[in-house]
Amino acid sequence: VSVLRMLKTAITKQEKDQVKELSDDDIMAIIGKQAKQRQEAAEQYTQAGRQDLADRELAELEVLKGYLPEMLSPEELEAVVVRAVADVGASSMKDMGAVMQAVMAEYKGQVDGKALSQLVRSKLA
């Protein structure tokens, strides 16, 4: 319940800041940001030897994941990147931004940016 209250507060704050009703994409971005914060906090707690706090963050992360779209598997992501490289006509690292933009536009919320960046670099290197 506390996770959902926190999420509702974040959404309400964003609506007040923008002075308009948020779209579904805006709300998904907020949920994604909150999930990423939980993941990073859990990693930091684990490194600091505070597994009890890390476990709490991971439990909250699982609740948030229930509201996010299914992430692409590594195999699916690789196929998407190969297709995007071909569609964009990328041949060097100069084209990395175009490939990333093409993938993120089509699969918003379903792709981890860090994993995508590493995969695109490996394909263009």
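Okay, let me start with one residue: Asp52 is partly exposed, at a relative accessible area of 46%. Keep in mind that this is a predicted model. Asp52 has a partner, Arg50, and the two form a salt bridge with their closest N and O atoms 3.2 Å apart. Arg50 is partly exposed as well, at 39% relative accessibility.

That pair is one of eight salt bridges in the structure. I'll come back to a few others, but first the overall layout.

What does the chain look like from end to end? It has six helices and zero strands, so if you read along the sequence you get α-α-α-α-α-α. The C-alpha trace spans about 45 × 40 × 20 Å along its principal axes. And of the 125 residues in the chain, 28% are buried.

Let's look at two of those helices, starting with H3, which runs 51-65. With 15 residues at 1.5 Å a residue, H3 should span 21 Å, and its end C-alpha atoms sit 20 Å apart, which agrees. Which residues of H3 are buried? They are Leu53, Ala54, Glu57, Glu60, Leu61 and Leu64. These buried residues cover an arc of only 125 degrees around the axis, so they are on the same side of H3. Notice that two glutamates, Glu57 and Glu60, are in that buried set. Hold on to those two names.

Now H5, residues 96-106. Here the buried residues are Met96, Val99, Met100 and Val103. Looking down the axis of H5, you find them within an arc of 95 degrees, so they line one face of the helix. What sits on the face turned away from the buried side? That face carries Gln101, Ala105 and Glu106, which are exposed.

Glu106 takes us back to salt bridges. The general idea is that side chains of opposite charge can pair when their charged atoms come close. Glu106 meets Arg83 in a salt bridge, 3.1 Å from N to O. Arg83 lies in H4 and Glu106 in H5, so this pair ties together parts that are 23 residues apart in sequence. Arg83 is partly exposed, at 37% relative accessible area, while Glu106 is among the exposed residues of H5.

Remember Glu57 and Glu60? Salt bridges with shared partners join them with Arg38 and Arg56 into one network. So the two glutamates from the buried side of H3 belong to that network.

One more pair on this theme: Lys123 and Glu78, with the closest N and O atoms 2.7 Å apart. This salt bridge links distant parts of the chain, as Lys123 is in H6 and Glu78 is in H4, 45 residues apart. Both ends are partly exposed: Lys123 has a relative accessible area of 34%, and Glu78 has 35%.

Okay, on to pockets. In general, rolling a probe the size of a water molecule over the atoms shows where empty space is left. How much space lies in the largest pocket? About 870 Å³. Its lining is made of 24 residues, and the ones nearest its centre are Gly32, Lys36, Met71, Val111 and Asp112.

Where does that lining come from? H2 (24-47), H3 and H6 (113-124) each supply at least two residues. H2 has the largest share, with ten residues. As for chemistry, the lining of this pocket divides into nine nonpolar, five polar and ten charged residues.

The second largest pocket has a volume of about 170 Å³. Its lining includes Ala10, Lys13, Gln14 and Asp17, along with Asp26, Ala29, Ile30 and Lys33. Here H1, residues 2-18, and H2 each supply at least two lining residues. Which helix gives the most to this second lining? H2 again, with six residues. The lining divides into three nonpolar, four polar and four charged residues.

If you have the structure open, H2 is a good place to end, as a contributor to both pockets: ten residues in the lining of the largest one and six in the lining of the second largest. That's what I have for today, thanks.

Note on methods
Residues are numbered from 1 along each chain as its sequence is written. This is a predicted model: local features need pLDDT of at least 70, side-chain atom pairs count only at pLDDT 80 or more; totals for chains, interfaces and linings use all residues. Side-chain values use heavy atoms; hydrogens and water are left out. On a 1 Å grid over the protein atoms alone, a cavity is a set of points where a 1.4 Å probe fits but cannot get out, and a pocket is an open set with protein on both sides within 12 Å along at least five of seven lines; lining residues have an atom within 4 Å of a point. Grid points are joined across faces, edges and corners, and a volume is the space filled by probe spheres set on the points. Helices (H or I, at least four residues) and strands (E, at least two) are DSSP runs, numbered from the N terminus. Ala, Val, Leu, Ile, Met, Phe, Trp, Tyr, Cys and Pro count as nonpolar, Asp, Glu, Lys and Arg as charged, and the others, Gly among them, as polar. A salt bridge is a side-chain nitrogen of Lys or Arg within 4 Å of a carboxyl oxygen of Asp or Glu. Buried means under 20% relative accessible area, exposed over 50%, partly exposed in between (1.4 Å probe, protein chains only). The expected span of a helix is 1.5 Å times one less than its number of residues. The arc is that of the directions from the helix axis to the C-beta atoms.
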